[in-house]
Structures are given as C-alpha cells and as structure tokens.
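Subject: Structure for your review

Dear colleague,

Please find below the structure that I am handing over to you. I would be grateful if you would keep it open while reading the notes beneath it.

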Amino acid sequence: MKYSRIIGTGAYYPEKVMTNADFEKMVETTDEWITTRTGIKTRHITAKDETTSDMAYKAALNAIDMAGIKASEIDGIIFATLSGDYTLPNTATMLQHKLGISGSFAFDLNVACSGFVYSLSVADAMIKVGQCKTILIACAERLSAMTDFTDRNTCVLFGDAAGCAIVRASDTPGVRSTNISADGTFGDLLTMHGVGTTYLANRDTMRLEDNFIKMNGREVFKQAVRMMEEAAVKAVADSGLQESDITFLVPHQANMRIIEATAKRFNLSMDKVLINLDRCGNTSSATIPTVLDDGIRSGKVKTGDNLVIVAFGGGATWGGSVVTL
Ligand code: ACO
C-alpha cells in the first residue's frame, strides 16, 4: 500500500471548566484582555487524580470506535506530550497497558505543541516503508500541573485535553505531505526546566517555580507567525495539490491572532478554519487532534476534504502537513 490515511479520531476534555471570570479573581486580568489578546474564553482542567494517560485512554477509545477497529489491531503507539505521567515508564506504554494490548511499539515524542504534526510525519513514514499498518497517535497534555496560577502572563493561556488519531495503510491518498523543522536558537523562549536531569542533579538549588512553564510571549508570537506560514506553504507545495484545493486550515490553537494571520495567507475565511481555542485554550500537542475530531463529529469536515495542518511549539519546533480525509 502506497499511502497512510487518518481513519478515526477521538477527543477527551476534563469535566472541570475554568472561565476568564475565574482568572479575574486570581490574578490582575480581565475577560476583555484575555479575549481580545488571545481569543480564549474557557479551558478544561483535570481533576486531581486524572492523569495524562487517563485522558489519552478515553480519547483513544473514541478514535478506535470511529475507525471501526479493535485495539489489538494497533501495531504501535506514538504518544506526543510534554506533560506525561512520569519520566519513566513512558506514557505510551501506560496507554498501551490501559488499552489491554502488548507487543506493539510504544514511544513518547516531545516536541511541545508540534507533537501531532511530528507524530503524523513519523507514522506516515513507518507505514509507507511497510514497517507497520496501523498506528495510534495519542496527544495528551496536563498543562495545569505545570502552570503558575499566580503568573498572569501564562496562566490564562493553557488547558488540559487529549486527542487521538488512528493512521492506517491505504491504497488511496490520505497524508499527502508532511514537513517537520526545529531551531534550538529559540530554546529559551518557552521553558519548563524542572524534572530534567540538569535540575535534579542540583538538588540544593531546586525551586518550585522551575516546574512551571515560562514564556517570552511577544517573541514566541513573532516566530510563530513566520513558522506557521513557512510550514503550511511547504506542505501545500509538496502535496501535489493547489492552494485553491484546500478546504480547511487546522492550525495549532495558541492565539487567535496567529491563526488569523495564517488563514489570511491562504485567503481562507475564518469559517474554513477549525477552532476550539475559545473553549479549550492552548492544549499544546492536543490542539490539532481535538479540533479535528470536533470538526469531524460536528459534520463540518467530511471525507474528501483537503486539510492543511500546521503547528509550532517550544524548542522551537514546527511543521505542516496536507491530509485528505
Ligand atoms: N491580563 C492582563 N494583562 C496581561 C496579561 C493578562 N493575562 N498577560 C500579560 N499582560 C500584560 C503584560 O504584563 C504587559 O504589561 P506591561 O506592558 O505593563 O508590561 C501587557 O499585557 C502587554 O504584554 P504583551 O506580552 O506585549 O502582550 P501581547 O499582546 O503580546 O499578548 C500573549 C501576550 C497573549 C502571550 C501573546 O504574546 C501571545 O499569544 N504569544 C504567543 C504565545 C504562545 O503562542 N504560546 C504558546 C506557545 S506553544 C507551546 O509550545 C506551549
């Protein structure tokens, strides 16, 4: 088989919702500031005992159900996360165990918010060389656990969620192109230094605040607009399709203004852009599979639609893909 296709998606959102009004009581901010600067209104937050792999398990069941396969047909799991349950074991094997399967490969992949695009690129390549037939991509983030709820610069931005996709070998085109890039020059724009060995080897200087996400928002914004455009343009150029063939933009959901700039580049009106940023905030690797699942389940996105998927994230990492559903 020459191609890989996305044959099922699934999402899971924790029950608890935090509104902008909740943040008005916690830090010096307003609903008006958050809405106009980011586009975010609400975000889901995990319960105390709800883990990243728990969320992924629920999203995976939904994806498996939509794909119409059995969990035992999954040859491997790629788990994109920057907020896994533990450093060891990896979250992919925990998900594998929860799904009641064994023997398939299972690895974590950490490229922050670019996780879905990177995972899709790896899955597509593995399937195309014939190494396996069916891959579960799981993207789940528990960013609330690494958010400083006293820092107004970051706390209003993030949420928790899980999104999954089943990618399978196919005779007809699905994933038409993928590109993935990184530039470590921008490594200090988005950081969370806790837990890493550089931190653990220096126990005498450990501080709780090292376990929270820190961000140079203005600089991230500038780079993100450039990276999203670069990756999306390349994805279309490599796909064999024309820009006019694109029916939906499926962008990483970090900031509405970044999304609008990318849509403008492709002359796509905002009703041709999938959005859950307003309801979910930035859920890092989970933004793309969750918003895609929302689009499919609501009937907005249909079989045959040509999607440009594009993301950027800490590292910096970025990437794009063109997918025919
Ligand atoms: N409420 C009120 N005021 C705030 C808030 C808030 N929640 N947050 C920041 N401000 C203030 C700042 O302190 C600053 O005040 P000052 O001028 O007195 O210093 C002022 O607002 C303007 O700050 P800017 O950073 O210039 O605001 P900007 O318009 O750039 O918006 C934002 C900030 C929303 C963070 C924007 O820069 C952005 O979205 N950047 C990209 C962020 C992003 O995409 N991050 C995720 C990366 S993905 C990943 O890998 C996790």
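The notes below describe the sheet, the helices that lie across it, and one pair of helices.

Please bear in mind that this is a predicted model.

The sheet is open and has five strands, in the order β1-β7-β6-β4-β5, with mixed pairing. Strands β1 (3-12) and β5 (105-109) stand at its edges; each has a single partner strand, so one side of each is left without a neighbour in the sheet. On average, neighbouring strands are turned by 20° against each other, direction ignored.

Within this sheet, β4 (residues 76-80) and β6 (residues 134-142) run parallel and are joined by five bridges. In this region, G76 stands opposite I135 of β6.

Two helices may be considered next. Helix α4 (residues 91-98) lies across β4, β5 and β6, and its direction is at about 130° to β4. Helix α11 (residues 287-297) lies across β1, β6 and β7 (160-170), running at about 90° to β1.

Finally, there is a pair of helices to examine. Two packed helices are described by the angle between their axes and the distance between the axes. For helix α8 (residues 217-239) and helix α9 (residues 256-265), the axes come within 10 Å and cross at roughly 35°. The crossing of α8 past α9 is right-handed. On the α8 side, the residues in contact are F221, A224, V225, M228, E229 and V233, and they meet R257, I258, A261, T262 and R265 in α9. Sorted by class, this contact has seven nonpolar, one polar and three charged residues.

Yours sincerely,
A colleague

Methods
Residues are numbered from 1 along each chain as its sequence is written. This is a predicted model: local features need pLDDT of at least 70, side-chain atom pairs count only at pLDDT 80 or more; totals for chains, interfaces and linings use all residues. Side-chain values use heavy atoms; hydrogens and water are left out. Two strands pair if DSSP finds at least two bridges between them. Helices (H or I, at least four residues) and strands (E, at least two) are DSSP runs, numbered from the N terminus. Axes are lines fitted to C-alpha atoms, for helices over the stretch in contact, and angles run from 0 to 180 degrees between N-to-C directions. Contact means heavy atoms within 4.5 Å. A crossing is left-handed if the near helix is turned anticlockwise from the far one by less than a right angle, and right-handed if clockwise. Ala, Val, Leu, Ile, Met, Phe, Trp, Tyr, Cys and Pro count as nonpolar, Asp, Glu, Lys and Arg as charged, and the others, Gly among them, as polar.
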